[in-house]
Amino acid sequence: MPELFSPDIDQRRTIRFDTHLQALVTNDWQERSVALVSNISHDGIRIEGSRALVDIIFPNFNPGRPARRHSLSLRLALEEGMKITEENSVTLSCNSVYVLRQRQDWFQLGLIYSVIDAATEVRLEQFILELQHSEPR
């Protein structure tokens with residue numbers, strides 16, 4: 001499938017871990033869309049979803065023109081297959097990096113972290129360490 005917008009270079013220089021996490025994306029205009037976090041690293045995440053998700057992250061997206069990066073908030077459940085709750089989730093500020101069409105109405109989107117508070121950083125680091133230890137060697 002052709003990439004609709006891709007980064008000039010790989011923004012994540014750390015190991016990515018496959019996940020299946022629920023997320024809720026909110027843009028600057030408080031529009032929201034659900035997403036699936038399909039991988040995570042110390043530098044960023046890959047989320048997946050429908051065209052509605054693309055429209056939230058890249059407003060007025062046109063595949064014929066380069067996409068402008070946007071800031072967004074992402075609420076991420078830190079438990080596989082669980083719904084988002086206050087106890088099991090963190091909120092991250094991210095910047096959009098790329099969008100890749102997987103099939104007719106399913107896209108992968110790359111995000112890099114922009115601002116993470118200290119408490120969230122600790123929880124996210126613990127989660128990634130747990131993923132590291134569960135990966136087959």
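This is a short tour of the predicted model above, stop by stop. Because the model is predicted, local features need pLDDT of at least 70 and side-chain atom pairs count only at pLDDT 80 or more, while totals for chains, interfaces and linings use all residues. Residues are numbered from 1 along each chain as its sequence is written, and side-chain values use heavy atoms, with hydrogens and water left out.

**Whole chain**

Start with a cartoon view. You should find 2 helices and 7 strands, where helices are DSSP runs of H or I with at least four residues, strands are DSSP runs of E with at least two, and numbering goes from the N terminus. The order along the chain is β-β-β-β-α-β-β-β-α.

Now colour by burial: 44% of the 137 residues are buried. Buried means under 20% relative accessible area, exposed means over 50%, and partly exposed is in between, using a 1.4 Å probe and protein chains only. Turn on the surface too, and you are looking at about 7800 Å² exposed, 49% of it supplied by carbon and sulfur atoms. That area comes from the Shrake-Rupley method with a 1.4 Å probe.

**Strand β4**

Select β4 (44–49). All covered up: 6 of its 6 residues are buried. Flip between its faces and you get G44, R46 and E48 on one side, with I45, I47 and G49 on the other.

Add β3 (32–40). β3 and β4 form a hairpin with 3 residues between them, and they pair (at least two DSSP bridges between two strands) in the antiparallel sense over 4 bridges. Look for I40 opposite I45. Then bring in β7 (106–115), which runs antiparallel to β4 and is joined to it by 6 bridges; here G44 stands opposite I112.

**The core**

Next, show V25, I40, I47, I57, L74, L76 and L109 as sticks: of the 30 residues in the largest nonpolar core, these touch the most other members. A nonpolar core here is a set of buried Ala, Val, Leu, Ile, Met, Phe, Trp, Tyr and Cys residues joined through side-chain atoms within 4.5 Å. At least two core residues come from each of β2, β3, β4, α1, β5, β6, β7 and α2. In soluble globular proteins, nonpolar side chains tend to be buried together.

Centre on L74. Neighbours within four places in sequence aside, its contacts (heavy atoms within 4.5 Å) include V25, I47, V90 and L111.

**Salt bridges**

How many salt bridges are there? The count is 3, taking a side-chain nitrogen of Lys or Arg within 4 Å of a carboxyl oxygen of Asp or Glu.

- Go back to β4 for R46 and E48, with their closest N and O atoms 3.8 Å apart. R46 and E48 are both buried.
- Select D55 and R51, which meet at 2.9 Å, N to O. Both sit in helix α1 (residues 51–57), 4 residues apart, about one turn of the helix. D55 is partly exposed at 34%, and R51 is partly exposed at 26%.
- Finish at E86 and R75, 3.2 Å between the closest N and O atoms. E86 lies in the loop between β5 (71–77) and β6 (89–103) and R75 in strand β5, so the pair ties together parts that are 11 residues apart in sequence. E86 counts as exposed, at 61% relative accessibility.
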